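Reader: I am in my first year and would like to take a careful look at one part of a protein model, the sheet and the core that goes with it. Could you take me through that part in one connected answer?

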Amino acid sequence: MKTIIQIVLWIVCIGLAFLIYKSVNAPIKFKQVKQERYGKVISVLKDIRNSQEAYKTVNGKFAGDFNSLIAFIDTANYTITQQRDSSFTRYSKAYGVDLPIDTVLIDTLGLVSVKDSLFKKDTRYKTMMNVPFAQNGEKFEMKSTLIDKVGFKASVFEAKVKKDVVLYDQPSDLRAAENAKNSVEEVSGTEIKVGSLVDVSTSGNWPPIYDKKGDK
């Protein structure tokens, strides 16, 4: 009987040790998985942002869907210009003499492909609507619209995905805590997103740790 009790106690001790280890290790593993997946998702959101900014430069507004955005990248060109200062003289009737006039001349130097400028030979832009690590092939939600800012109509866009889509296989309690975060040192809220449909902004809601040097 004593031997049986000792065996049961050992099993209980081992079980408790495992539960303690799991409770300590689970948040560490979750953080590693989260940062890896968020990094990939944010990288795609940056591609979307760069593509949208190029689209707006050429078309004066943001694209409303991925088909339009991808078709634009495939076919559009930037106009390369050079700005230089110049001056000339013009006769002034008021003073009866020639007066110097300063001006700025803009020369068109040529065209460059948007695709080459943003992605070179990489074709990842063709699948930038797909959410990395998504279990069921979920896509980023992207919209654009016009908003009124002090009487001025401004084009805005937003692309986003819910954190739960990216962290679908992680413990529910840790996902709930992640969705409740609201800090400049974390990805705030329940979504990872770039842009805004209510403000004139193309910023993302992620902290600087997900940005390389030169990123916005």
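Author: Of the 216 residues in the protein, 31% are buried, where buried means under 20% relative accessible area, exposed over 50% and partly exposed in between, found with a 1.4 Å probe and the protein chains only. This is a predicted model, in which local features need pLDDT of at least 70 and side-chain atom pairs count only at pLDDT 80 or more, while totals for chains, interfaces and linings use all residues. Residues are numbered from 1 along each chain as its sequence is written, and side-chain values use heavy atoms, with hydrogens and water left out.

The protein has five helices and five strands, and read from the N terminus these elements follow the order α-α-β-β-α-β-β-α-α-β; helices (H or I, at least four residues) and strands (E, at least two) are DSSP runs, numbered from the N terminus.

We can now turn to the sheet. Three strands make up an open sheet in the order 3-4-5, with antiparallel pairing, and two strands are said to pair if DSSP finds at least two bridges between them. Strand 3 (141-149) and strand 5 are the edges, each having a single partner strand, so one side of each has no neighbour in the sheet. From one strand to the next the twist averages 25°, taken from axes that are lines fitted to C-alpha atoms (for helices over the stretch in contact), with angles from 0 to 180 degrees between N-to-C directions.

Nine bridges hold the antiparallel pair of strand 3 and strand 4, and within this pair Leu 146 lies opposite Ser 155 in strand 4. The hairpin of these two strands has two residues between the strands, and there Val 150 takes a positive phi near 55°. On the other side of the order, strand 4 and strand 5 run antiparallel and are joined by five bridges, with Lys 160 opposite Lys 193 in strand 5.

How well covered are these strands? In strand 4, eight of the 11 residues are buried, which leaves this strand mostly covered. Strand 5 is largely enclosed by the rest of the structure, because four of its five residues are buried.

The sheet also takes part in the core. The largest nonpolar core has 38 residues, and those with the most contacts inside it are Tyr 38, Leu 45, Ile 48, Met 128, Phe 140, Val 161 and Ile 192; such a core is a set of buried Ala, Val, Leu, Ile, Met, Phe, Trp, Tyr and Cys residues joined through side-chain atoms within 4.5 Å. Among the elements that give two or more residues to this core are strand 4 (152-162), strand 5 (191-195) and helix 1, and the largest share, nine residues, comes from helix 1.

Ile 192 shows how these parts meet: leaving aside neighbours within four places in sequence, Ile 192 is in contact with residues including Tyr 38, Val 41, Ile 42, Leu 45, Ala 159 and Val 161, where contact means heavy atoms within 4.5 Å. Ser 51 belongs to helix 1 (residues 2-59) and is buried, with a relative accessible area of 0%. Not counting residues up to four places away in sequence, Ser 51 touches Leu 69, Phe 72, Ile 73, Leu 118, Phe 119 and Met 128. For the protein as a whole, residues 24 or more positions apart account for 61% of the contacts with a separation of 6 or more.
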